Amino acid sequence: MRQQLVAGNWKMHGSLASNAALLGEVLAGVATARCEVAVCVPYPYLFQVQQLLQASQITLGAQDCSMHASGAHTGEVAVSMLQDFGCRYVIVGHSERRADHHESDVLVAAKAERVLEAGMTPIVCVGETLAQREAGETTAVVLRQLQAVTHLLGEQTQRIVVAYEPIWAIGTGRTASPEQAQEVHGVLRAHLRSVGEAAGGVRILYGGSVKPDNAQVLFSQTDIDGGLIGGASLKASDFLAVVAAAR
Ligand code: PGA
């Protein structure tokens with residue numbers, strides 16, 4: 001059975017003081033978690049959070065990385081730097097980066113490859129806009145996004161995590177129904193299985209307005225293996241309740 005993963009995506013939130021307070025509360029309540037727990041934090045706080053999480057069961061992640069290994073790329077952050085700070089996960093292809101920074105499927109795939117080369121795990125995000133859903137294009141869109149990655153990675157696909165995040169559900173309070181989410185997760189699972197048996201066992205997280213009151217029913221769907229949690233990861237009691245809903 002796949003162990004579920006609940007990963008907080010703090011996005012561009014936090015401060016030295018608020019991070020310490022949030023993690024203090026989360027650490028005090030996380031010991032009974034059955035699932036794996038991670039937090040993906042802004043770059044400047046990686047060192048602080050690495051220190052705070054020492055000797056805890058919570059793993060550390062970043063929210064993006066450069067597609068380049070090193071060099072003249074002002075403002076970018078290399079995977080080797082993330083590895084230096086003990087990151088296990090790196091989110092790639094979040095819809096906010098695809099939209100705000102025009103990240104293409106090919107770029108996202110290259111980033112996923114860099115993350116694997118550095119010995120970390122990419123959390124590859126896919127998801128459709130509301131217009132695409134209404135036009136009946138959901139399956140085509142998410143498969144196109146995932147295929148760019150599996151095509152480049154081949155057998156190494158087995159080492160990634162996928163996150164399905166319908167864009168219309170992110171930060172909107174509007175969640176995909178468990179059935180809507182499972183349907184897409186099933187499509188993604190079928191594609192992963194076509195890559196190989198081991199790839200078929202890749203964890204597929206759901207993200208988009210996951211909250212304490214909807215987490216359990218989402219996480220109990222056959223092909224949902226945990227969640228990527230934005231807003232609810234910023235409040236310790238909410239995050240802990242979501243973690244408690246996973247298995
Ligand atoms: P949300 O964000 O939980 O605030 O909807 C999820 C995400 O974008 O990863």
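For the pocket linings below I count Ala, Val, Leu, Ile, Met, Phe, Trp, Tyr, Cys and Pro as nonpolar, Asp, Glu, Lys and Arg as charged, and the others, Gly among them, as polar. The model I am reading is predicted.

**Entry 1. Largest pocket**

I looked up the largest pocket and its lining by class. The lining has 10 nonpolar, 8 polar and 8 charged residues. The volume is given as about 560 Å³. The lining is made of 26 residues, and Y43, Q63, D64, R97 and H101 are the closest to the pocket's centre. I then asked which elements give two or more residues to this lining. They are α4, residues 95-100, and α5, residues 105-117. Helix α4 gives the largest share, at 3 residues.

**Entry 2. Second largest pocket**

I went on to the second largest pocket, which holds about 210 Å³ of space. I noted 20 lining residues here, with K11, G171, S209, G230 and G231 nearest the centre. By class I have 6 nonpolar, 11 polar and 3 charged residues in this lining.

**Entry 3. Ligand**

I listed what surrounds the ligand. There are 13 residues around the ligand, and K11, H94, E165, G171 and S209 come nearest. K11, G171 and S209 I had already written down for the centre of the second largest pocket.

I then looked up contacts to oxygen atoms of the ligand, and noted three.

- H94 places a polar side-chain atom 2.7 Å from a ligand oxygen.
- G230 uses a backbone N or O atom, at 2.9 Å from a ligand oxygen.
- G231 has a polar backbone atom 2.8 Å from an oxygen of the ligand.

G230 and G231 are also among the residues nearest the centre of the second largest pocket.

**Entry 4. Cavity**

How many cavities of 30 Å³ or more are there? I find 1 by the rule used. The space in the largest cavity is about 50 Å³. Its lining consists of G93, S95, R98, C125, V126, G127, Q145, E165 and I167. Helix α4 and strand β5, residues 121-126, are the elements that give two or more residues to this lining. By class, I count 3 nonpolar, 4 polar and 2 charged residues in the cavity lining.

Two of these names occur elsewhere in my notes. E165 lines the cavity, and E165 is listed among the residues that come nearest the ligand. R98 also lines the cavity, and I return to R98 in the next entry.

**Entry 5. Salt bridges**

I took the total before the individual pairs. The structure holds 16 salt bridges. I followed three of the pairs.

R98 and D105 meet through their side chains, with N and O 2.8 Å apart. Are the two partners buried or exposed? Both R98 and D105 are buried.

R88 and E36 form a salt bridge whose closest N and O atoms are 3.2 Å apart. R88 belongs to strand β4 (residues 87-92) and E36 to strand β2 (residues 36-40), so this pair ties together parts that lie 52 residues apart in sequence. R88 is partly exposed, with 41% relative accessible area, whereas E36 is buried at 11%.

R133 and E128 are joined by a salt bridge of 2.8 Å from N to O. R133 is partly exposed because its relative accessibility is 22%, and the limit for buried is under 20%. E128 has a relative accessible area of 0% and is buried.

Beyond single pairs, I noted one network: R2, R189, D223 and D225 are joined by salt bridges that share partners.

**Entry 6. D225**

I picked D225 out of that network for a closer look. Where does D225 sit? D225 is in the loop between α9 (212-219) and β8 (226-229). Its relative accessibility is 2%, so D225 counts as buried.

I also looked up the polar contacts of the D225 side chain with arginines of the network. One contact, of 2.9 Å, goes to the side chain of R2. Another, of 2.8 Å, goes to the side chain of R189. D225, R2 and R189 all belong to the salt-bridge network noted in the previous entry.

Notes. Residues numbered from 1 in each chain as written. Predicted model: local features only at pLDDT ≥ 70, side-chain atom pairs only at ≥ 80, totals over all residues. Heavy atoms only, no water. Salt bridge = Lys/Arg side-chain N within 4 Å of Asp/Glu carboxyl O. Helix = DSSP H or I, 4+ residues; strand = E, 2+ residues; numbered from the N terminus. Buried < 20%, exposed > 50% of the residue type's maximum accessible area, 1.4 Å probe, protein only. 1 Å grid on protein atoms, 1.4 Å probe; cavity = no way out; pocket = protein on both sides within 12 Å on 5 of 7 lines; lining within 4 Å. Points joined across faces, edges and corners; volume = space filled by probe spheres on them. Near = heavy atom within 4 Å. Polar contact = N/O pair within 3.5 Å; in protein donor to acceptor, adjacent residues only side chain to side chain.
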